[in-house]
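Subject: A structure for you to look at

Hello,

I am handing over the structure we talked about, and my notes on it follow below. Please have it open while you read.

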Amino acid sequence: MDLGLTGKRALVCAGSKGLGRGCAEALAAAGVEIVLNARGAEVLERTAAEIAAAHGVKVTAVAADITTPEGRAKVIAAAGEIDILVNNAGGPPPGVWSDWAHEDFLAAIEANMLAPIALMQAFVPGMSARGWGRVVNITSAAVKAPIAQLGLSNTARCGLTGFVAGMARQVAPTGVTVNNLLPGIHATDRMAALDGPVAQAEGISLEEASARRKATIPARRYGAPQDFGAVCAFLCSQQAAFIVGQNVLVDGGAANQTL
C-alpha cells in the first residue's frame with residue numbers, strides 16, 4: 001500500500017532502537033525523511049546511517065535528552081519544519097507504590113507527559129498552518145489495563161492520554177491528526193529489563209521468564225518493533241486521515257477487553 005507519505009519529514013524521538021526505531025524504519029520505507037533523536041550519540045549515528053542506507057532517504061541524527069528543556073530546544077531547532085511527530089521516551093522504572101517519592105512522580109510526569117506535550121506545542125501549530133500533520137504518541141497498554149509495578153508509568157501516561165483526548169479534537173479541523181499507540185509486550189530492551197527481575201526473584205532463567213510471559217499473550221509471542229512500526233506508519237498515512245484522538249493497542253491480544 002502506498003501510504004502517500006513520500007517527501008514528508010518526520011521527527012522520531014527515542015528512535016535509535018526498539019519501538020522508536022521500528023517507527024523510523026517504517027516511515028523511511030514509505031519515503032519519509034527522518035530526523036532521528038536519542039540520547040546516546042554512538043548508537044544513534046549508527047542507526048541513522050543504517051536506515052538511510054536501507055531506504056534511500058535523508059536521516060539526520062540529533063543526540064539530546066528530550067525530557068529536559070535544553071534537550072528539547074536542541075531537537076526543535078534541528079528539526080525545523082516537520083510534517084510528522086512521533087513522541088517517545090523510555091518509561092520510568094518498575095517498583096512498589098508505597099516506595100515512590102514525590103520526586104519520582106515529578107520525573108515520570110516530566111518525561112512521559114510534559115515532554116511530549118511540549119513537543120506538540122512546538123510543532124503542531126506549524127502543521128495546522130500548513131493544513132496537514134500527524135502526531136503519534138507512543139504511550140503504553142497500561143492506560144487501558146494498569147500494570148501495578150509500573151505505577152509511575154500508569155500515572156504519567158494516563159495524564160498524556162487525557163490531554164490528547166481534548167487537544168486532538170481541537171486541531172482536527174486543521175488537517176492534523178493526533179493519536180496514541182499503546183504497545184503491549186515487545187522484544188525490546190525494556191522487556192528484558194522487566195523479565196530480568198522476575199527471573200532473579202523466582203530463580204529461573206531469563207528464557208523461562210520470557211516463555212512464561214509469552215504464554216499469557218494470545219499471539220504467544222512478543223511483538224517485534226517492525227509490527228509496531230507498521231501501525232505507526234499507517235496512522236501517519238493519508239488513508240488514516242479520519243482517525244482522530246484514538247488509543248490503538250498493539251499487544252497481541254494481551255488486554256482482555258471487549259472495548
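**Helix α1 and what follows it**

Just after α1, Gly31 takes a positive phi of about 90°. Before going further, please keep in mind that this is a predicted model.

Helix α1 itself covers residues 18-29. Its 12 residues, at 1.5 Å a residue, should span 16 Å, and the C-alpha atoms at its ends are 17 Å apart, so the expectation and the model agree. Much of the interest here is in what the helix hides: Leu19, Gly20, Gly22, Cys23, Ala24, Ala26, Leu27 and Ala28 are buried in α1. As background, residues three or four places apart in an α-helix point the same way, because there are 3.6 residues a turn.

**The nonpolar cores**

Two of those buried residues lead on to the next topic. The largest nonpolar core has 32 residues, and Leu27 is among those with the most contacts inside it, along with Leu5, Ile34, Leu36, Ile84 and Val86. At least two residues of this core come from each of β1 (9-12), α1, β2 (33-38), α2 (41-55), β4 (84-87), β5 (133-138) and α8 (225-235). Helix α1 gives the largest share, six residues.

Val86 is a good place to look around inside this core. Leaving aside residues up to four places away in sequence, Val86 touches Leu11, Val12, Cys13, Cys23, Leu27, Val136, Ile138 and Cys232. Another core lies apart from the largest one; this other core has 27 residues, including Val75, Ile82, Met120 and Leu160. In soluble globular proteins, nonpolar side chains tend to be buried together.

**Two cysteines without a bond**

Cys23 and Cys232 both touch Val86, so how many disulfides does the structure hold, given a limit of 2.5 Å between the sulfur atoms? The count is zero. For Cys23, the nearest cysteine sulfur is that of Cys232, 3.5 Å away, and that is over the 2.5 Å limit, so Cys23 is in no disulfide. Cys232 is likewise in no disulfide, with the sulfur of Cys23 as its nearest cysteine sulfur. Cys23 has a relative accessible area of 0%, so Cys23 is buried. Cys232 is buried too, with a relative accessible area of 0%.

**Buried asparagines**

Next, please look at strands β5 and β6. Asn137 is found in β5, and Asn180 is found in β6 (residues 176-183). Are these asparagines buried or exposed? Asn137 has a relative accessible area of 0% and is therefore buried. Asn180, at 1% relative accessibility, counts as buried as well.

Their side chains are joined by a polar contact of 3.1 Å. The side chain of Asn180 also makes a polar contact with the side chain of Asn247, at 2.8 Å.

Both have several neighbours beyond four places in sequence. Asn137 touches Asn87, Pro116, Met120, Leu160, Val164, Val178, Asn179, Asn180 and Leu181. For Asn180, the residues touched are Asn137, Thr139, Thr161, Val164, Gln246, Asn247 and Val248. For a sense of scale, Asn137 and Glu202 are 65 residues apart along the chain, and their C-alpha atoms are separated by 34 Å.

**One aromatic pair**

The structure holds one aromatic pair. The ring centres of Trp100 and Phe105 are 6.1 Å apart and the ring planes meet at 85°, so the pair is edge-to-face. Trp100 is buried, with a relative accessible area of 15%, whereas Phe105 counts as partly exposed at 28% relative accessibility.

**Positive phi outside glycine**

Gly31 had a positive phi, but which residues other than glycine have one? Two to look at are Ala14, with phi near 50°, and Arg220, with a phi of about 60°. Most residues other than glycine have a negative phi.

Ala14 sits in the loop between β1 and α1 and counts as partly exposed, at 25% relative accessibility. Arg220 has its place in the loop between α7 (206-214) and α8. At 53% relative accessibility, Arg220 counts as exposed.

Happy exploring, and do write back with questions.

Best wishes

How values were computed: Residues are numbered from 1 along each chain as its sequence is written. This is a predicted model: local features need pLDDT of at least 70, side-chain atom pairs count only at pLDDT 80 or more; totals for chains, interfaces and linings use all residues. Side-chain values use heavy atoms; hydrogens and water are left out. Helices (H or I, at least four residues) and strands (E, at least two) are DSSP runs, numbered from the N terminus. The expected span of a helix is 1.5 Å times one less than its number of residues. Buried means under 20% relative accessible area, exposed over 50%, partly exposed in between (1.4 Å probe, protein chains only). A polar contact is a pair of N or O atoms within 3.5 Å; within protein, one must be able to donate a hydrogen and the other to accept it, and residues adjacent in sequence count only if both atoms are side-chain atoms. Contact means heavy atoms within 4.5 Å. A nonpolar core is a set of buried Ala, Val, Leu, Ile, Met, Phe, Trp, Tyr and Cys residues joined through side-chain atoms within 4.5 Å. Rings of Phe, Tyr and Trp (its six-membered ring) pair if their centres lie within 6.5 Å; planes under 30 degrees apart count as stacked, over 60 as edge-to-face and the rest as tilted.
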